[in-house]
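Visitor: I should like to go through this structure by asking what justifies each description of it. Please set each value against its criterion.

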Amino acid sequence: MTTNAKINAGGRLQAMAPDRQAFFLLRTVFTAAPILFGLDKFTNILTDWTIYLAPVATSVVPVSAQTFMYMVGVVEIIAGIAVAVRPGFGSLLVAVWLLGIIINLLVLGSFYDVALRDFGLLVGALALNRLSPAGSWRRHGK
């Protein structure tokens, strides 16, 4: 069968393969989370995002911390959309972006717990890349 689901001997519909389920779960999360966090950079409802910004960032890009966060928000929204449209490319974009965030937090010298969490997310983004349509499940025709 060419569809994601298969019919078993009893005529019942089986769920899609576990690797496809993992792909869709990761793609959904890595689409929604960057878009929502990116939008929040403009409202600061979840937190004051500027506290996570190392001062060196605003010395390299000479703008206020909040303006810098607006730029971060735009990039995060674009990354989320990229994951939705081209998950192979978008997942790498998210992984690189998360690496930048981790480096920023390490330079800041605090929020090591957030840096560790973002490392876990980076690994998840790389897993999404491996499962993306150019990944193994598509090559094997599942």
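Visitor: Among contacts in the chain between residues at least 6 apart in sequence, what percentage join residues at least 24 apart?

Guide: The model is a predicted one. Of the contacts between residues at least 6 apart in sequence, 58% join residues at least 24 apart. The chain has 6 helices and 2 strands, and its pattern along the sequence is β-β-α-α-α-α-α-α. Buried residues account for 31% of the 142 residues.

Visitor: Why is helix 4 called roughly antiparallel to helix 5?

Guide: The axes of helix 4 (residues 87-108) and helix 5 (residues 112-131) cross at roughly 165° and come within 8 Å. Angles over 145 degrees count as roughly antiparallel, and therefore helix 4 is roughly antiparallel to helix 5. The crossing of these two helices is left-handed.

Visitor: Which residues make the contact of helix 4 with helix 5, and how many of them are nonpolar, polar and charged?

Guide: Helix 4 contributes residues including Gly 88, Ser 91, Leu 98 and Leu 105, while helix 5 contributes residues including Tyr 112, Asp 118, Phe 119 and Asn 129. By class, the contact has 18 nonpolar, 3 polar and 1 charged residues.

Visitor: What makes helix 1 oblique to helix 5?

Guide: The axes of helix 1 (residues 18-43) and helix 5 come within 9 Å and cross at roughly 130°. Roughly perpendicular covers 65 to 115 degrees, and roughly antiparallel begins over 145. The angle of roughly 130° falls in neither class, so helix 1 is oblique to helix 5. This crossing, too, is left-handed. The contact is made by Asp 19, Ala 22, Phe 23, Leu 26, Arg 27 and Phe 30 of helix 1, together with Leu 121, Gly 124, Ala 125, Ala 127, Leu 128 and Leu 131 of helix 5. Its classes are 9 nonpolar, 1 polar and 2 charged residues.

Visitor: How do you know that the span of helix 5 is close to the one expected?

Guide: Helix 5 has 20 residues and reaches 29 Å from its first C-alpha to its last. At 1.5 Å a residue, the expected value is 28 Å, and the span is close to it. The buried residues of helix 5 include Asp 118, Leu 122, Gly 124 and Leu 128.

Visitor: Why does Lys 41 count as buried?

Guide: Lys 41 is found in helix 1. Buried means under 20% relative accessible area. Lys 41 has 3% relative accessibility, and therefore counts as buried. Leaving aside neighbours within four places in sequence, Lys 41 is in contact with Trp 49, Gln 66, Met 69, Tyr 70, Val 72, Gly 73 and Glu 76.

Visitor: What makes the phi of Asn 44 worth remarking on?

Guide: Most residues other than glycine have a negative phi. Asn 44 is not a glycine, yet has a positive phi of about 55°. The residue lies in the loop between helix 1 and helix 2 (55-60).

Visitor: Why is Asn 44 called partly exposed?

Guide: Partly exposed lies between the 20% limit for buried and the 50% limit for exposed. The relative accessible area of Asn 44 is 27%, so Asn 44 is partly exposed.

Visitor: Where is Phe 111 found, and what is its phi?

Guide: Phe 111 is found in the loop between helix 4 and helix 5. Its phi is near 60°, a positive value in a residue other than glycine. With 26% relative accessibility, Phe 111 counts as partly exposed.

Note on methods
Residues are numbered from 1 along each chain as its sequence is written. This is a predicted model: local features need pLDDT of at least 70, side-chain atom pairs count only at pLDDT 80 or more; totals for chains, interfaces and linings use all residues. Side-chain values use heavy atoms; hydrogens and water are left out. Axes are lines fitted to C-alpha atoms, for helices over the stretch in contact, and angles run from 0 to 180 degrees between N-to-C directions. Helices (H or I, at least four residues) and strands (E, at least two) are DSSP runs, numbered from the N terminus. Angles under 35 degrees count as roughly parallel, over 145 as roughly antiparallel, 65 to 115 as roughly perpendicular and the rest as oblique. A crossing is left-handed if the near helix is turned anticlockwise from the far one by less than a right angle, and right-handed if clockwise. Contact means heavy atoms within 4.5 Å. Ala, Val, Leu, Ile, Met, Phe, Trp, Tyr, Cys and Pro count as nonpolar, Asp, Glu, Lys and Arg as charged, and the others, Gly among them, as polar. The expected span of a helix is 1.5 Å times one less than its number of residues. Buried means under 20% relative accessible area, exposed over 50%, partly exposed in between (1.4 Å probe, protein chains only).
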